[in-house]
Amino acid sequence: MAPVVTHEFVATVADSIACRAHPDACRALAPDVEYRMREVVQDALKFARHSRRTYLTTQDVNAALKMRNAEPLYGFSGRDPAKFLRAAGHPDVYYVDDPDVSVASMLATPLPRPPVEVAVVPHWLAIDGRQPATPENAPPAVPARRAAPAKAAPAAAQVGAPPAAAPNKALPAASSGGEGATPAVAGPQPAGEEALVRAPLRHVLTRELQAYLDRVGAWLRHGLLEGGGALVAPSPAAADSAVLASLAGDAGLQPLLPYLWHLIGEEAGADLRELARLPRLMAAAGALLSNPALDSGALLHEALPPLLTALVARRLGPKGGEAHWGVRRAAAHALATLCARYAPAHASLLPRVQRTLARPLADPVAAPPEALHGAALGLAALGPRSVRSVLTPLVIPVLRRVGGEAEEGRVRAALAAALGGVLAHEAALGGAEARAGVAAAISAYRQRGGRAGPPRLPDSNPLAEAWREDFGAGKLAEIVLDLFGQDIEPFLPPVEGRVGDEGEGQ
């Protein structure tokens with residue numbers, strides 16, 4: 001192989017630095033120069049390879065020279081590639097264009113912009129899983145627009161349809177499925193205009209979360225906690241306590257929350273006569289709502305239907321069963337937890353729930369006793385304000401409907417418990433006038449020995465205006481005590497001593 005560095009090259013370099021070299025010395029020096037050059041280039045290629053690059057830079061050559069304790073090359077470390085020019089009269093000779101720059105031109109060059117002062121500016125990347133619209137955060141991606149298919153108009157013309165054919169309904173905005181997910185079209189678009197197309201969304205779960213979801217789903221359906229084909233919990237009671245403790249305490253279940261609420265709603269609506277599943281579903285809903293690390297605010301449309309259905313359904317489980325009363329109580333407790341957490345952020349949540357629960361009470365003749373009992377339980381769980389504003393004006397029509405059967409007796413007991421809670425609230429936390437009025441009414445009722453026997457229902461409805469703030473608490477207590485008598489005794493607060501003490505002090 002012909003040498004790369006010849007003795008003529010060595011002689012030329014020696015002449016360029018005003019050194020006269022003997023021809024024999026040039027012939028002896030040329031192979032050693034080529035050997036040293038090859039060593040430097042090989043080391044430089046190693047630096048480029050370790051830097052994950054396929055091209056050689058001057059930094060790699062300088063690194064190789066420094067590794068061999070040699071002086072690096074100066075003036076070739078710029079990012080711009082070197083410009084090689086052909087020497088005039090020598091077609092095989094190239095040199096680097098290195099123009100001279102005067103100091104005056106450098107001083108006349110304007111200075112670059114100063115860098116921004118170093119500072120620390122905190123901002124929110126996400127709040128409760130949502131990115132706030134702040135200048136520091138990137139704006140959300142806008143879906144691309146593409147033209148609607150042009151084949152729809154000729155097809156409609158062939159079958160004799162009018163030019164403005166009825167548009168199709170909008171498809172779902174997102175799909176959590178796999179490859180076959182259909183993109184969503186935002187609303188009907190006239191022919192010839194662009195349609196807004198959203199790409200399908202893929203929700204990826206880890207293998208651990210998928211296994212957790214499968215086990216919880218098997219527990220909700222069958223009451224068994226399985227894993228790997230074997231039972232994990234030794235008994236159904238142990239399985240119930242383990243799953244409910246996990247749903248109420250684990251902080252990493254937020255990605256599973258849409259799937260869990262959808263599963264609860266699907267199982268609750270599948271068959272209301274299958275009473276074995278409903279207690280587990282209501283208990284799971286209550287556990288999810290009581291978990292402080294989970295936010296179901298964006299999933300209220302999934303959480304409310306199973307709870308309201310369990311409360312006001314005409315029948316749960318087989319006819320004549322007794323277990324559905326516990327299901328309705330669990331649903332009322334879960335609904336109260338939901339409204340307490342999310343009603344401050346959703347202004348229309350509590351009024352909508354109140355209207356739904358008041359619907360069977362407003363027509364007690366058409367509603368069965370089970371629905372009336374569930375509606376009364378739900379309003380009582382929402383608190384004294386809901387009872388006084390929604391339930392109290394409907395008490396007398398409901399009492400006219402109920403009779404002496406066991407189911408209707410439960411309705412009467414639920415109404416007495418709700419109104420007794422209102423009286424206790426007014427006696428404990430109301431104003432001075434309200435406390436005095438309730439205490440006087442209860443004291444007078446107990447001094448005359450209470451009232452036994454069937455209620456005396458008035459012809460009119462004196463509680464129709466009970467929702468008004470100027471409707472006195474003492475007047476409310478007198479009417480309620482006269483309506484329920486001994487049924488409300490267990491729910492009344494102990495106020496006789498206080499009333500007597502006040503009388504003695506006066």
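This is a chat about a predicted model of one protein chain.

Visitor: Hi! To get me started, how many helices and strands does the protein chain have?

Guide: Hello! The secondary structure comes to 19 helices and seven strands. Keep in mind that we are looking at a predicted model.

Visitor: And what percentage of the residues in the chain is buried?

Guide: Buried residues make up 33% of the 506 residues.

Visitor: What about the outside, how much area does the chain expose?

Guide: The protein chain exposes about 31900 Å². Carbon and sulfur atoms supply 59% of that area.

Visitor: What share of the contacts with a separation of 6 or more comes from residues 24 or more positions apart?

Guide: Such pairs account for 65% of those contacts in the protein chain.

Visitor: Let's go inside. Which residues have the most contacts in the largest nonpolar core?

Guide: That core has 93 residues, and the ones with the most contacts inside it are W261, L335, L338, V353, F484 and I488. The largest share of the core, nine residues, comes from helix α16, which covers residues 406-429. As a general point, nonpolar side chains in soluble globular proteins tend to be buried together.

Visitor: Can we zoom in on V353? What is V353 in contact with?

Guide: Leaving out its neighbours within four places in sequence, V353 is in contact with L304, L308, L335, C339 and L382. One of these, L335, is also on the list of core residues with the most contacts.

Visitor: Next topic, helix α17. Which of its residues are buried?

Guide: In α17 the buried residues are A434, G437, V438, A439, A441, I442, S443 and Y445.

Visitor: How far apart are the end C-alpha atoms of α17, and what span should I expect?

Guide: They are 22 Å apart. Helix α17 has 16 residues (432-447) and, at 1.5 Å a residue, should span 22 Å, so the two values agree.

Visitor: Now salt bridges. How many are there in the whole structure?

Guide: A search of the whole structure finds nine salt bridges. A good place to look is helix α2, where D32 and R36 lie four residues apart, about one turn of the helix. D32 forms a salt bridge with R36, with the closest N and O atoms 3.8 Å apart.

Visitor: What else does R36 form a salt bridge with?

Guide: R36 forms one with E39 too, and there the closest N and O atoms are 3.5 Å apart. R36 and E39 both lie in helix α2, three residues apart. In general, an α-helix has 3.6 residues a turn, so residues three or four places apart point the same way.

Visitor: Are those three residues buried or partly exposed?

Guide: It varies. D32 is partly exposed, with a relative accessible area of 37%, and R36 is partly exposed at 45%. E39 has a relative accessible area of 17%, so E39 counts as buried, the cut-off being under 20%.

Visitor: Which salt bridge links distant parts of the chain?

Guide: Try E267 and R221, whose side chains meet in a salt bridge at 3.3 Å, N to O. This pair links distant parts of the chain: E267 is in helix α8 (residues 257-270) and R221 in helix α6 (residues 207-222), 46 residues apart. E267 is buried, with a relative accessible area of 11%, whereas R221 is partly exposed at 35%.

Visitor: And which residues do shared salt-bridge partners join into one network?

Guide: The network is made up of D32, R36, E39, D43 and R68.

Visitor: Back to the surface. Which residues make the nonpolar patch of about 220 Å²?

Guide: V41, L45 and L56 make that patch. L56 sits in the loop between α2 (23-50) and α3 (58-67), and L56 is partly exposed, with a relative accessible area of 38%.

Visitor: Since you mention α3, what does N62 touch?

Guide: N62, which is found in helix α3, touches P72 and L73, not counting residues up to four places away in sequence. At 12% relative accessibility, N62 counts as buried.

Visitor: Last one: where is S389?

Guide: S389 is in helix α14, residues 384-391, and is partly exposed, with a relative accessible area of 35%. The C-alpha atoms of S389 and L379, ten residues apart along the chain, are separated by 9.9 Å.

Technical notes:
Residues are numbered from 1 along each chain as its sequence is written. This is a predicted model: local features need pLDDT of at least 70, side-chain atom pairs count only at pLDDT 80 or more; totals for chains, interfaces and linings use all residues. Side-chain values use heavy atoms; hydrogens and water are left out. A nonpolar core is a set of buried Ala, Val, Leu, Ile, Met, Phe, Trp, Tyr and Cys residues joined through side-chain atoms within 4.5 Å. Buried means under 20% relative accessible area, exposed over 50%, partly exposed in between (1.4 Å probe, protein chains only). Helices (H or I, at least four residues) and strands (E, at least two) are DSSP runs, numbered from the N terminus. Contact means heavy atoms within 4.5 Å. The expected span of a helix is 1.5 Å times one less than its number of residues. Patches are made of residues with over 30% relative accessible area and no salt bridge: like charges are joined within 9 Å, nonpolar side chains (Val, Leu, Ile, Met, Phe, Trp, Tyr) within 5 Å. Accessible areas come from the Shrake-Rupley method with a 1.4 Å probe; for residues, only the protein chains shown count as cover. A salt bridge is a side-chain nitrogen of Lys or Arg within 4 Å of a carboxyl oxygen of Asp or Glu.
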